[in-house]
Amino acid sequence: MASLFKQDIQTLKGVGRRRAELFRKLGAPSVGALLRLYPRAYEDLSRPFPVRTAPLGTVCAVRAAVEKAPTETRIRGGMTLYKTRAFDGESTLELTFFNNRYVMNLLHPGEEYLFYGKVTANFLKREMISPEFYPAASCPPVLPVYRQTSGLSSRLIGNAVREALRLLPDPMADPLPPMLRKEQTLSSLDFALKNIHFPDDMESLKSARERLIFEEFLVLQLGLLRIGGRTRARSRFQLQSDRTGEFYRLLPFQPTEAQKRAVRESMADMLGGFPMNRLIQGDVGSGKTAVSAALCHSAIKNGMQAALMAPTEILARQHARTLSALLSPTGIRIGLLTGSLPAAEKRKLRGALADGEIDLLVGTHALISDGVSFKRLGLVVTDEQHRFGVAQRAALAAKGDRPHTLVMSATPIPRTLALIIYGDLDLSILDELPPGRKETKTYAVTPDVRPRVFAFVRRYVRESRQCYIICPMIDESGSDMESVNSYAQRLKSKWLPDCRIGTLHGKMKPKEKEAVMNRFSAGEIDVLVSTTVVEVGVDVPNATVMLIENAERYGLSQLHQLRGRIGRGTCASTCILISAARNEEALARLKILCSTSDGFQIADEDLKLRGPGDFFGDRQHGLPDLKIADMTTNMESLRKAQETAQKIFRADPELSLPEHRGLRAEVRQLFQNWTD
Ligand code: ADP
Ligand code: MG
């Protein structure tokens, strides 16, 4: 099988240069990859209906013999109709095809076919329009339906797959060791590949699916375990003293019970003999920063260096500011490293870091770039972890010698997903917001009430409150910048002439963004028109109103994150979702947001409605693409695969035993394009 991944798709019979290109686009550059391109659905032709009793209006198979050669008729608009009739010994089925002259050659009078499509009827006749059809004598019982692109029909893909299946070696190596297959009652890879594409029957299809899903989860888990690199080696950075009490006296507020618990749990890890590996999950505003500050403080007071990585420059700067204010008075030296720092200063910073003259380094993923080295890195914190791939987390930890690691996630990740991505982490949950927060009221409205909404904003601004407006998303043809600027212009000229309006978008330089955020933070801007760059972590307590345009286009979790920018002070906040969407599903989604502020519940709904890919945003979901396994529906299989992965990993972490060689190759295959 491994060698088939090296065999170019173009070597297949029937695949020339042009088609090879299309296959590549579909994600199948090699024969092996094609075999892993599983059908998205199946046509069950095993129980065809007679014409008379075929259910109307639903897709089904009908078996009948063609009575006469198809006729050709040109109609208006350059269309050509092909018509014929089929008979099953009892009733007649009329058949019509559009623009498909191949039917002239493919349908032979007197021969029996399976027609697959929708039957419609009036009192004169029963009819099928453009059905799929297959000669009854040679038709497989279940046919695969592939995701097609223009130029590559499902049938063409099926033919190529059939050719590819012929190339499978016999006997064929199976990455799942025989013992494991027996224990989990899983079919062989050979059987599974053949039956996932061309099942003998529905039962075989089921067992093929089970096997492939299990395998994919297993490989994913093994890969994550290896990257996570959880070892049982003792820590070099065992804390000698817990300085939490001292830290709490620095805070301008009382920590919540949840914060105290999270700090206690993490501290116990660091005081114990092994490296900490902990995830802190807490809804927006639950005060994760203070928790991480407590840990950094203790680590540093125990003579170590600490690093905190944030996903955006704005956020990194904000953290640096907060932590400086809190920790500098105790003599802790803080550095900020971001991509936009001038080269000379970067060099200086790196030198100071390597010499141990900086205790706490805050920054973006510039932290994991080459040339950044620490003297005694004992604690690594990653904020907004879901924004980073698992590999990035590992890369930062690799800057030290098995340092303690803490990851913080603001988007409550559905438990099911957390299990997968953080399967090797201990978990602390911040399930309590700091006191005095008023709940944010959320409303979903249609665009025609916009004038009233702006009047509302104006009133608030007059009371010295501030407002975010998340600008309409536009398609690729336009730019965020244009969208933000023209929206701001319209506000200024028409709706909010007496307000100070600022803009923020992705095209701006980090310094410019920073300047705008600072002005907003200082109250010099009343209304900030922005793209979703404000999404993550930004903290301006006086901002109490948020308007989100085109709300239907965002995932629920993302909306929840955005909404988390307000309601951070002691005043009641209002979030208004503007959407012109009329379809039920979109409206139902927005309603969920209006009815709850529980991030976990929202995340679960999001997962159900949109799937895990969307949940993590487009690019950075941090997991390789799965071909067949579905984390939301194949939970049982996932659980079993995870158990198995842990067992294998404990016994053979490098997968170097002969029976694990196949699995190792698969892990490499799945993770090959996946390093960032
Ligand atoms: P998040 O968990 O979203 O990262 P932050 O750490 O940014 O939340 O905290 C949100 C706000 O709440 C900040 O302004 C912070 O100073 C404040 N805060 C954190 N903990 C407490 C607390 N125990 N009491 C009062 N305010 C708090
Ligand atoms: Mg935060």
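Is Val103 buried or exposed? In this predicted model, Val103 lies in helix 3, which spans residues 102–106, and its relative accessibility is 1%, so that Val103 counts as buried, the limit for that class being under 20%. The position of this residue can also be described by its distance from another part of the chain: Val103 and Gln7 are 96 residues apart in sequence, and their C-alpha atoms are 34 Å apart in space.

The chain as a whole provides the setting for such single residues. It has 676 residues, of which 51% are buried, and its secondary structure comes to 22 helices and 22 strands. When the C-alpha atoms are enclosed in a box taken along the principal axes, the box has dimensions of roughly 95 × 70 × 45 Å.

Two further pairs of residues illustrate how separation along the chain and separation in space can be set side by side. Arg85 is placed in strand 4, which covers residues 79–87, and its C-alpha atom is separated by 63 Å from that of Glu384, a residue 299 positions away along the chain. Arg85 has a relative accessible area of 30% and is therefore partly exposed, since this value falls between the limits of 20% and 50%. Thr312, by contrast, is found in a loop, namely the one between strand 11 (residues 305–309) and helix 11 (residues 313–327). With a relative accessible area of 25%, Thr312 is likewise partly exposed, and 45 Å separate its C-alpha atom from that of Gly158, the two residues being 154 residues apart along the chain.

The region around strand 15 contains two residues that can be described together. Arg402 is found in the loop between helix 13 (residues 390–397) and strand 15, and although Arg402 is not a glycine, it has a positive phi of about 50 degrees. Its relative accessibility is 30%, so Arg402 counts as partly exposed. His404 is found in strand 15 itself, which comprises residues 404–409, and at 0% relative accessibility His404 counts as buried. The side chain of His404 reaches the backbone oxygen of Phe237 at a distance of 2.7 Å.

Backbone geometry also draws attention to two other loops. Asn550, which is not a glycine, has a positive phi of about 50 degrees, and its place is in the loop between strand 21 (residues 543–548) and helix 18 (residues 556–563). Asn550 is buried, because its relative accessible area of 18% is under the limit of 20%. In the loop between helix 4 (residues 154–166) and helix 5 (residues 178–183) lies Pro171, and the peptide bond leading from Asp170 to Pro171 is cis, with omega near 0 degrees.

The model also includes a bound molecule, ligand 1, which sits in the second largest pocket. There are 16 residues around ligand 1, and those that come nearest are Gly285, Lys288, Thr289, Arg437 and Asp539. When the residues of this shell are divided by character, four are nonpolar, seven are polar and five are charged.

Several polar atoms of the protein can be paired with atoms of the ligand. A polar backbone atom of Gly285 is 2.6 Å from an oxygen atom of ligand 1, while a backbone N or O atom of Gln254 lies 2.8 Å from a nitrogen atom of ligand 1. Arg568 takes part through its side chain, in which an N or O atom is 3.0 Å from an oxygen atom of ligand 1. On its own, ligand 1 has an accessible area of 570 Å², and the protein covers 83% of this area.

Key
Residues are numbered from 1 along each chain as its sequence is written. Chains are lettered from A and ligands numbered from 1 in the order in which they are written. This is a predicted model: local features need pLDDT of at least 70, side-chain atom pairs count only at pLDDT 80 or more; totals for chains, interfaces and linings use all residues. Side-chain values use heavy atoms; hydrogens and water are left out. A residue is near a molecule or strand if one of its heavy atoms lies within 4 Å of it. A polar contact is a pair of N or O atoms within 3.5 Å; within protein, one must be able to donate a hydrogen and the other to accept it, and residues adjacent in sequence count only if both atoms are side-chain atoms. Accessible areas come from the Shrake-Rupley method with a 1.4 Å probe; for residues, only the protein chains shown count as cover. On a 1 Å grid over the protein atoms alone, a cavity is a set of points where a 1.4 Å probe fits but cannot get out, and a pocket is an open set with protein on both sides within 12 Å along at least five of seven lines; lining residues have an atom within 4 Å of a point. A molecule sits in a cavity or pocket if more than half of its atoms lie within 2 Å of its grid points. Ala, Val, Leu, Ile, Met, Phe, Trp, Tyr, Cys and Pro count as nonpolar, Asp, Glu, Lys and Arg as charged, and the others, Gly among them, as polar. Helices (H or I, at least four residues) and strands (E, at least two) are DSSP runs, numbered from the N terminus. Buried means under 20% relative accessible area, exposed over 50%, partly exposed in between (1.4 Å probe, protein chains only).
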